[in-house]
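Reader: I would like to go through the labels on this model one by one. Please set each value against its definition.

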Amino acid sequence: FREKVNSLLSTLKDRDQTIIRLYYGIETGHEVPTIEIAERVGITQVRVCQILNQARQTLKDNYKLTNNI
């Protein structure tokens, strides 16, 4: 399962990967709030939310492509 997640995440830009990993706590097991992600990455909280939405859609689309759904 972890390999599949990492494979899908690798289709994203580095910044988008970082935001997704932080938000869902993929590396640490601890979810990070969008305001804290914004501070760490140096962008606004609104931009973090936009990136999350775009990245989730990209991941969903890529999942469908790789699984012929």
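Author: This is a predicted model. Start with the term pocket: an open set of grid points with protein on both sides within 12 Å along at least five of seven lines. The largest pocket holds about 200 Å³ of space.

Reader: What makes a residue part of the lining of the largest pocket?

Author: A lining residue has an atom within 4 Å of a point. Among those that line the largest pocket are Phe1, Val5, Ile20, Tyr24, Ile26 and Arg56. H1, helix H2 (14-24) and H4 each give two or more residues to this lining. H1 has the largest share, four residues.

Reader: How many residues of each class are in that lining?

Author: Nine are nonpolar, none polar and two charged. Tyr counts as nonpolar, Lys and Arg as charged. Lys4 and Arg56 both line the pocket, so they are counted as charged.

Reader: Which residues put H1 and H4 in contact?

Author: Contact means heavy atoms within 4.5 Å. Lys4, Leu8 and Leu9 in H1 meet Leu59, Asn62, Tyr63 and Thr66 in H4. By class, this contact has four nonpolar, two polar and one charged residues. Helix H1 (residues 2-9) and helix H4 (residues 45-66) pack at about 115°, with axes 10 Å apart. The crossing is right-handed.

Reader: Why is Thr34 called buried?

Author: Buried means under 20% relative accessible area. Thr34 has 13% relative accessibility, so Thr34 counts as buried. Thr34 is in helix H3 (residues 34-41). Beyond four places away in sequence, Thr34 touches Tyr23, Gln45, Val48, Cys49 and Leu52.

Conventions: Residues are numbered from 1 along each chain as its sequence is written. This is a predicted model: local features need pLDDT of at least 70, side-chain atom pairs count only at pLDDT 80 or more; totals for chains, interfaces and linings use all residues. Side-chain values use heavy atoms; hydrogens and water are left out. Buried means under 20% relative accessible area, exposed over 50%, partly exposed in between (1.4 Å probe, protein chains only). Axes are lines fitted to C-alpha atoms, for helices over the stretch in contact, and angles run from 0 to 180 degrees between N-to-C directions. A crossing is left-handed if the near helix is turned anticlockwise from the far one by less than a right angle, and right-handed if clockwise. On a 1 Å grid over the protein atoms alone, a cavity is a set of points where a 1.4 Å probe fits but cannot get out, and a pocket is an open set with protein on both sides within 12 Å along at least five of seven lines; lining residues have an atom within 4 Å of a point. Grid points are joined across faces, edges and corners, and a volume is the space filled by probe spheres set on the points.
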